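Please open the structure in your viewer and keep the selection panel at hand. This tour goes from the whole chain to pairs of helices, and ends at a single residue.

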Amino acid sequence: MTQMHRLPTSTRGLLAYEVALELVRAVRPLLPKLERFDSNLADQVRRAVTGCPLHVAEAKRRTGRDRAHLLTGALGSSGETQAGLQTAEALGGLTLDEIRGPVAIADRLNGLLFGYRRKEG
């Protein structure tokens with residue numbers, strides 16, 4: 001796992017945001033290899049993983065149904081990131097050892113987001 005970086009005050013508040021950035025950092029080194037293997041899948045994983053912190057950051061500033069909707073979007077992006085990495089492994093573009101860490105971080109993020117989402121109703 002990567003070391004957590006200290007975030008500016010404006011982006012602190014939800015642990016999920018920090019974990020989402022940790023996921024981005026864990027996926028980043030895999031993207032060049034995935035790009036060489038399947039550029040379309042690499043693009044999809046890149047878009048999905050970047051959606052995680054962006055949705056969480058936006059949700060942090062919303063309330064009610066807007067917040068719940070954005071948390072659901074972050075949960076979807078995290079799940080898509082996992083699926084993209086697992087698909088790349090199944091196709092032979094990445095190894096199980098390479099995706100193990102990012103998939104575990106995404107699991108942690110999914111748990112946090114599911115909990116937040118459930119609280120929002």
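Begin with the whole chain in a cartoon view and follow it from the N terminus, where the elements run α-α-α-α-α, a count of five helices and zero strands. Please keep in mind throughout that what you are looking at is a predicted model.

Before selecting any one part, switch on the surface of the protein, whose accessible area comes to about 6700 Å², with 53% of that area belonging to carbon and sulfur atoms. Of the 121 residues in the protein, buried residues make up 40%. If you display contacts between residues at least 6 apart in sequence, you will find that 68% of them join residues at least 24 apart.

Next, select residues 15-27, which form helix α1, together with helix α3, and look along the place where their axes come within 8 Å and cross at roughly 160°. Angles over 145 degrees count as roughly antiparallel, and α1 and α3 are therefore roughly antiparallel to each other. When you turn the view so that one helix lies in front of the other, the crossing of α1 past α3 is a left-handed one.

Which residues of α1 and α3 meet here? Show side chains for Ala16, Tyr17, Ala20, Leu21, Leu23, Val24 and Val27 on the α1 side, and for Val45, Val49, Cys52, Pro53, Val56 and Ala57 on the α3 side, since these are the residues that meet. Coloured by residue class, this contact of α1 with α3 shows 13 nonpolar residues, with no polar and no charged ones.

Keep α3 selected, which covers residues 39-60, and add helix α4, residues 64-91; the axes of these two helices also come within 8 Å, and they cross at roughly 155°. The helices α3 and α4 are therefore roughly antiparallel to each other, and α3 passes α4 in a left-handed crossing. The same colouring by class divides the residues of the contact of α3 with α4 into 13 nonpolar, nine polar and four charged.

For the last stop, select glycine 79, which has its place in helix α4. Is glycine 79 buried or exposed? At 27% relative accessibility it counts as partly exposed, because that class lies between buried, under 20%, and exposed, over 50%. Finally, draw a distance between the C-alpha atoms of glycine 79 and cysteine 52, which are 27 residues apart along the chain and separated by 9.6 Å.

Key: Residues numbered from 1 in each chain as written. Predicted model: local features only at pLDDT ≥ 70, side-chain atom pairs only at ≥ 80, totals over all residues. Heavy atoms only, no water. Axes fitted to C-alpha atoms, helices over the stretch in contact; angles between N-to-C directions. Helix = DSSP H or I, 4+ residues; strand = E, 2+ residues; numbered from the N terminus. Parallel < 35°, antiparallel > 145°, perpendicular 65-115°, else oblique. Left-handed = near helix turned anticlockwise from the far one by under 90°. Nonpolar A, V, L, I, M, F, W, Y, C, P; charged D, E, K, R; others polar. Contact = heavy atoms within 4.5 Å. Buried < 20%, exposed > 50% of the residue type's maximum accessible area, 1.4 Å probe, protein only. Areas by Shrake-Rupley, 256 points an atom, 1.4 Å probe, with all protein chains shown as cover.
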